[in-house]
Amino acid sequence: MPELPEVETIARGLSQRVTGDVIESVWLGQKKEPLKSPAAVIAAALEKTRISAVRRMGKHIVFDLDRLESAAKTPSSGNGKRQKNQLKQRSGATSAAAQTQANHGVVFKSKAQWIVHLGMTGRLQVCGPLAKVEKHTHAVVKLRSGREVRFIDPRRFGRLSVATSAEFDATGVEPLEVDVETFINLFRGRKTPIKSALLNQKLLRGVGNIYADESLFRAGIRPRRRGSSITRKQLAKLHTAVKEVLEEAIALGGSSISDYVDADGEAGFFQLQHRVYGREGEPCRICKTGIQRVVIGGRSSHYCPRCQK
Ligand SMILES: [Zn+2]
């Protein structure tokens, strides 16, 4: 399952490849599960837009899209009424652009976002049009450059959606950007185990099981500890640990972007050397005590009983 560092790496790889390209057309498969917005809505939002950026928000990949339409077509086309309504709805955000159109008759510009969540097995492939279409391909986005972005997902837990009227906003705060005071206030006074709180997407967005365990080890905090029992100093240490672990994993992933995005998607992502995750019974890398595994909130949690208090 792609975790935050993988998603960051994939978003960076996509950004390098497709930023500035124009989406000409979109094909969507018959399977309903991957489509969080109706197929027609997704296609309409994506087609004839320029990709201005690709970035990660939590574990979502967000494509920022600019629609460029020639002004001549807008008032006279058959669905003028619908477009006028859209104009009305978006007037707050696009009044300057609409004004430009009125004054100069050049372009009408609106924004949209294409949001991809990879789920368990989803991946995005950038390839040429002749590349074999793999089984479980649910979307093919054709670009003006001739390349295609394809969404492939055998288990179909991944999701495609669009945001057109309001900007997409994932829940929680961004773990790589949150300041120490905000971080401390998120977890102080929580009655739930700190491990569960770290995984709560409404608090921090995108921290998964592996990175939660590794962060708690580096901060010396046992996963069952309640937020309310952890000192400010320890929470500050955890804040640093979460950032460190994620940034190290991103740095490792950065060297394998092309493999991850272009090839089979599984190859090439270098894992951080885990200190506790998945190492039950093996000696702690620091004190040689056996790593223990407990289940907290249905998730496996690994810790060193000596290094973590
Ligand atoms: Zn230890």
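This section describes the packing of three helices against helix α9 and the coordination of a zinc ion in a predicted model.

Helix α6, spanning residues 180-187, packs against helix α9, which comprises residues 232-253. The two axes come within 9 Å and cross at roughly 115 degrees; because angles of 65 to 115 degrees count as roughly perpendicular, α6 and α9 are assigned to that class. The crossing of this pair is right-handed. On the α6 side, the contact is formed by V180, E181, F183, I184 and F187, and on the α9 side by R232, L235, A236, L238, H239 and V242. Eight of the residues in the contact of α6 with α9 are nonpolar, one is polar and two are charged.

Helix α8 (residues 209-219) also packs against α9, at an angle of about 130 degrees and with the axes 8 Å apart. The two helices are therefore oblique to each other, and the crossing of α8 and α9 is right-handed. From α8, the residues Y211, E214, S215, L216, R218 and A219 take part in the contact, and they are met by K237, L238, A241, V242, E244, V245, L246, E248 and A249 of α9. The contact of α8 with α9 comprises nine nonpolar residues, one polar residue and five charged residues. L238 and V242 of α9 are listed in the contact with α8 and also in that with α6.

A further partner of α9 is helix α1, formed by residues 4-18. The axes of α1 and α9 lie 9 Å apart, and the packing angle is about 45 degrees, which makes α1 oblique to α9. The crossing of α1 and α9 is right-handed. Here L4, P5, E8, T9 and R12 of α1 meet L246, A249, I250 and G253 of α9. Five nonpolar, two polar and two charged residues make up the contact of α1 with α9. Of the α9 residues that meet α1, L246 and A249 also appear in the contact with α8.

The zinc ion is bound by the SG atoms of C284, C287, C304 and C307, which lie 2.2 to 2.4 Å from the metal. Along the chain, these donors follow the spacing C-x2-C-x16-C-x2-C. The angles subtended by the four donor atoms around the zinc ion range from 99 to 113 degrees, and the arrangement is therefore tetrahedral. For four tetrahedral donors, the ideal angle at a metal is 109.5 degrees.

Note on methods:
Residues numbered from 1 in each chain as written. Predicted model: local features only at pLDDT ≥ 70, side-chain atom pairs only at ≥ 80, totals over all residues. Heavy atoms only, no water. Axes fitted to C-alpha atoms, helices over the stretch in contact; angles between N-to-C directions. Helix = DSSP H or I, 4+ residues; strand = E, 2+ residues; numbered from the N terminus. Parallel < 35°, antiparallel > 145°, perpendicular 65-115°, else oblique. Left-handed = near helix turned anticlockwise from the far one by under 90°. Contact = heavy atoms within 4.5 Å. Nonpolar A, V, L, I, M, F, W, Y, C, P; charged D, E, K, R; others polar. Donors = N, O, S within 2.8 Å, 3.2 Å for Na, K, Ca; no water. Tetrahedral: all angles 85-135°; square planar, octahedral: opposite > 155°, others 65-115°.
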